[in-house]
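Q: Could you take me through one part of this protein slowly? I'm new to reading structures, so plain words would help.

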Amino acid sequence: MSDRGNHPADYPMMAIPAGSIDLRDDRIQAQWTVQLDSFLLAPVPVTEALYSSILQKKADAAKESQAPVVDVSWQDAISFCNLFSRQSGLKECYSVSEDGEQVVCDWEADGYRLPTEAEWQHACQAGTKGYRYGELEEIAWYQGNSEGKVHKAGAKLPNAWGLYDMLGNVWEWCWDVYDARVYGSYRIFRGGSWAEEARGCGATCRRRSHPTFRIDDLGFRVARSLSGGASSDM
């Protein structure tokens, strides 16, 4: 699996069908259901090559160009989405305050954005109900097989909807605030990574951190709204 080139016009997206998804927060023993309209999601995380191309910076020769980009914060991902949208002739989804602290999403915009965690989990499970959509060794790079490093995107088997690396390789930022009352502006990331134990690579596993947080096993993939169907009160 590849990005089929780095120009925005060549960037592939997969149509994800409408549906409902059950989310849960084991920390507070809460569960809730989210109804979702159809949307578009990239088949692989944003790669080093695409990220460098859109930011118009020289790629790091020491890094695999088709591996997911890492060491990107949630704020970095938001900025990338807006820039990618502008370069693609699409309407930007995000409005960011001058201090960068407040971010508002226009769900009607046709540009690139982060998936909500409900969208992410719905896409990851791809119609299944289990913790994983396949055998871990076949679908994911994780602590047990990664040899301590990130790998080229799309090298493992995809899920039923043609999405690669939804589990393992890199954690992926989502749009949502985790719990504003307890954690303030902390945002959610999903999916596990090359450094994660097997138990952390599952469709319902939730992690969180500050929107400025960066680490070498955390990246993101982009989504697009089809008809303003996604929504969030965060």
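What does the accessible surface of the protein come to, and what share of the surface belongs to carbon and sulfur atoms? After that, please give me a close look at the open sheet that has β8 in it.

A: Sure! Keep in mind that this is a predicted model. The accessible surface adds up to about 10,500 Å², and carbon and sulfur atoms account for 46% of that.

Now for the sheet. It's an open one built from 4 strands, and if you walk across it you meet them in the order β10-β9-β8-β11. The pairing is mixed. If you're wondering what holds such things together, strands of a sheet pair through backbone hydrogen bonds, in either a parallel or an antiparallel way. At the two edges sit β10, covering 206–209, and β11, covering 218–219, and each of these pairs on one side only.

Let's zoom in on β11. Its partner β8 spans residues 171–177, and the two run in the parallel sense, joined over 2 bridges. You can pick out one of the bridge pairs by eye: find Glu 172, then look across to Gly 219 in β11, its bridge partner.

Stepping back, this sheet belongs to a protein with 5 helices and 12 strands. The C-alpha atoms fill a box of roughly 40 × 40 × 30 Å along the principal axes. For 234 residues, a compact globule would have a radius of gyration near 17 Å, so the protein's 16 Å agrees with that. Inside, 54% of the residues count as buried. And of the contacts between residues at least 6 apart in sequence, 66% link residues at least 24 apart.

How values were computed:
Residues are numbered from 1 along each chain as its sequence is written. This is a predicted model: local features need pLDDT of at least 70, side-chain atom pairs count only at pLDDT 80 or more; totals for chains, interfaces and linings use all residues. Side-chain values use heavy atoms; hydrogens and water are left out. Two strands pair if DSSP finds at least two bridges between them. The radius of gyration is taken over C-alpha atoms; the globule rule is 2.2 Å times the number of residues to the power 0.38. Buried means under 20% relative accessible area, exposed over 50%, partly exposed in between (1.4 Å probe, protein chains only). Contact means heavy atoms within 4.5 Å. Accessible areas come from the Shrake-Rupley method with a 1.4 Å probe; for residues, only the protein chains shown count as cover.
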